[in-house]
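The following exercises are to be worked with the sequence and the model in view. Each task is followed by a solution in steps.

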Amino acid sequence: MCEIVFIDSAGRETRVEAQEGETLMAVAVRSGIDGIVAQCGGALACGTCHCYIEQPHLDRLPPPSEEEAMMIEFVMEPMPNSRLSCQILASSVVDGMRVIVPDSQH
């Protein structure tokens with residue numbers, strides 16, 4: 001188990017527990033995190049699970065795959081710390097990770 005902190009556009013923090021190997025998208029959906037729409041269910045086809053990863057955890061993650069990087073180009077307000085939560089797996093590496101949810105996914 002690890003803890004993930006989701007931060008909404010108003011700055012409210014929600015701490016949730018994630019199972020090892022579970023995607024951040026699945027954790028967000030299961031936990032009722034507003035703003036993680038996940039229309040494609042994690043198939044890397046829509047970008048509606050876009051989020052921003054705070055340091056230092058961003059540097060601890062493997063870089064986005066070519067497919068994820070291409071999808072991020074089409075999200076609203078991409079930033080250097082943009083990631084798709086369907087591509088990040090819960091593990092000890094992400095324990096305590098702070099994930100900022102964008103104002104909108106559309």
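**Exercise 1.** How many bridges join β3 to β5, and do these strands run parallel or antiparallel?

*Solution.* The model is a predicted one: local features require pLDDT of at least 70, side-chain atom pairs count only at pLDDT 80 or more, and totals for chains, interfaces and linings use all residues. Residues are numbered from 1 along each chain as its sequence is written, and side-chain values use heavy atoms, with hydrogens and water left out.

Step 1. Strands (E, at least two residues) and helices (H or I, at least four residues) are DSSP runs numbered from the N terminus; two strands pair if DSSP finds at least two bridges between them.

Step 2. Two bridges join β3 to β5, and the strands run antiparallel. Within this pairing, Ile53 has Val99 of β5 as its bridge partner.

**Exercise 2.** Determine the strand order of the sheet and name its edges.

*Solution.* Step 1. On its other pairing, β3 (residues 50-53) is joined to β4 by three bridges in the antiparallel sense. Cys51 is partnered there with Arg83.

Step 2. Strands β1 and β5 are parallel and share four bridges, with Ile7 bridged to Ile100 of β5.

Step 3. The result is an open sheet of five strands in the order β2-β1-β5-β3-β4, with mixed pairing. Its edge strands, β2 (13-18) and β4 (82-84), each pair on one side only.

**Exercise 3.** Which side chains of β5 (residues 97-100) are buried, and which are not?

*Solution.* Step 1. Buried means under 20% relative accessible area, exposed over 50%, and partly exposed in between (1.4 Å probe, protein chains only).

Step 2. The side chains alternate along the strand: Met97 and Val99 point to one face and are buried, whereas Arg98 and Ile100 point to the other and are not.

Step 3. Ile100 also allows a link to a distant part of the sequence: its C-alpha atom is 7.6 Å from that of Ser9, although the two residues are 91 apart along the chain. Ser9 lies in the loop between β1 (2-7) and β2 and counts as exposed, since its relative accessibility is 53%.

**Exercise 4.** Why do Cys40 and Cys46 form no disulfide?

*Solution.* Step 1. A disulfide is a covalent bond between the sulfur atoms of two cysteines; the criterion here is a pair of cysteine sulfur atoms within 2.5 Å.

Step 2. The structure holds zero disulfides. The closest cysteine sulfur to that of Cys40 belongs to Cys46 and is 3.5 Å away, so the pair is too far apart for a bond.

Step 3. Cys86 is likewise in no disulfide, the nearest cysteine sulfur being that of Cys49, 3.7 Å away. Cys86 counts as buried because its relative accessibility is 7%, while Cys40 counts as partly exposed at 25%.

**Exercise 5.** Locate the unusual backbone geometry in the loops.

*Solution.* Step 1. Gln55 and Pro56 are joined by a cis peptide bond with omega of about 5°. Pro56 is in the loop between β3 and α2 (57-60).

Step 2. Ala38, although not a glycine, has a positive phi of about 55°. This residue belongs to the loop between α1 (24-30) and β3, and is buried, with a relative accessible area of 13%.

Step 3. Leu44 is found in the loop between α1 and β3. Its phi is positive too, near 60°, and Leu44 is partly exposed at a relative accessible area of 21%.
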